[in-house]
Amino acid sequence: MKHNATIIYSVLLIIGDFLALVAAFSVAYILRVKYDTRPLLEQIPAETYIYGFLAVLPLWILVHGFIGLYRHDTYDNRFREFGRLIIGSAIGILVIIGYEFVIEDELFPARLVAVYGLALSFSFLVIFRMFARSIRSLFFAFGYGVNNVLIIGSGGSIDSIVEELRDTRHSGHRIVGIVSNKATDFRMFPDFETAKNKLGPRIIHSIIQTELYRDTEENDAIMEYAQKHHIAYRFIPGNNELFVGNIEVELFRGTPVVTVHQTPLIGWGSIVKRIFDFIVSGVLIIIVSPLLLLVAILQKLTSPKAPVLLKQTRLTQFDRKFTVYKFRSFKPEFNGMSPEQAFIKMGKPEVAQAYRQRGDQIPNDPRITRMGRILRVTSLDELPQLFNVLKGDISLVGPRALVPEELNNYQQKHHIMSIKSGITGLAQVSGRRDISFDERRKLDLYYVQNWSFWLDITILLKTLRAVINGIGAK
């Protein structure tokens, strides 16, 4: 979904939880050490105490993440959030105590500091969450972070969902139109075709359909439009039957709905992935910077008049164009060209078909320089893409960043473009020499629909092994 208010709110919750916990344990220290005259177990200076606590605090935040405290279906439900905060506080203090045991050093000057910290942390977290919810409602009232909803259907469910979403300040949703034959005080449209032409994909953030049309083509058109433009789609069933399959059943403002996700890489998962990308790419850039400089010098020595880098327009999440950086491996006259353009220029258009059939590579590719062959065999040509990862253009792991011409040849392109492209991916570690273009895209699609953080780690480890062993190098 292109509407990122939930991600921004989740990030703010992470920051707020962190500060609330720091404040809670600072007050706990002051109450026991400064205002309690009883002797302490250990004389721990305030500075040492704070530094020790800050070292382990990220683990507490991770606990919150794992139990879902940064998911919209948790923080939108006050009772669920309250229960998860109780669990999170209990597990968090156990993590702190466990950390103290592992380091075999005293973290707390007295046991009551931990007790006070537990009580205060839960209280401060609840107060902060209430404050954050109030601030978010205020932003909703002024139209910031609001999710624009198009409702489709005429069944009985439409009345209840309209009433639930009517108050934008509390729901965070704005009804921009209703496709129905039932009269309401909102903007009405006779059919979906009219609604999408009048509103357009920039206005619509999500679609809620309360009933299926008898004509399946109409239903397919709605789903295709939502996926093509990366619009969230929810279907509200006419009864409370449980659904099975590759879908998620949840309560949306008190109403049972089926949410169709293009990828599990949403919410908390996308935040973790971005933080991981930023840290790892930054560290790797520092480590390989001498190697980057060496390759750049060799490029200039072997081809003085040619550019060091290949700068090419590629596509990433939501069909967004960006400039990819790679060390140039092609001869200058073919630099920046698509394979089809290059082979036509050299008078061998039939080679382009063989190139695609062999998984975007052919033996002794005539476009590649001697230096370029070394770069490709060692995968050094990919290193400048670390700067793309650091900027947020792409991820370390993801579908291959395609040029627009390549993407237009693929039928399920909108699914692949629901997440960021990557330097490496499932296709690259599954036999780069032996699989065709279509098979690569199937693996990309599998990755998109089955993403997990551990799958990313597995792919990165396999990529490292492939680079070291020279497996599948072009």
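Biologist: Helices (H or I, at least four residues) and strands (E, at least two) here are DSSP runs, numbered from the N terminus. So where does Asp-319 lie?

Modeller: Asp-319 sits in the loop that joins strand 8 (309-316) to strand 9 (320-327). Bear in mind that this is a predicted model, where local features need pLDDT of at least 70, side-chain atom pairs count only at pLDDT 80 or more, and totals for chains, interfaces and linings use all residues. Numbering runs from 1 along each chain as its sequence is written, and side-chain values use heavy atoms, with hydrogens and water left out.

Biologist: Thanks! What is phi of Asp-319?

Modeller: Near 65°, a positive value in a residue other than glycine. Most residues other than glycine have a negative phi.

Biologist: And is Asp-319 buried or exposed?

Modeller: In between: Asp-319 is partly exposed because its relative accessible area is 32%, with buried meaning under 20%, exposed over 50% and partly exposed the range between them (1.4 Å probe, protein chains only).

Biologist: Which way does the sign of phi go at Ser-379, positive or negative?

Modeller: Positive, at about 65°, although Ser-379 is not a glycine. Ser-379 is in the loop between helix 13 (370-378) and helix 14 (385-391).

Biologist: Why does Ser-379 count as buried?

Modeller: Because the relative accessibility of Ser-379 is 14%.

Biologist: Changing topic, which helix holds Leu-138?

Modeller: Helix 5, which covers residues 111-141. Leu-138 has a relative accessible area of 37%, so Leu-138 is partly exposed.
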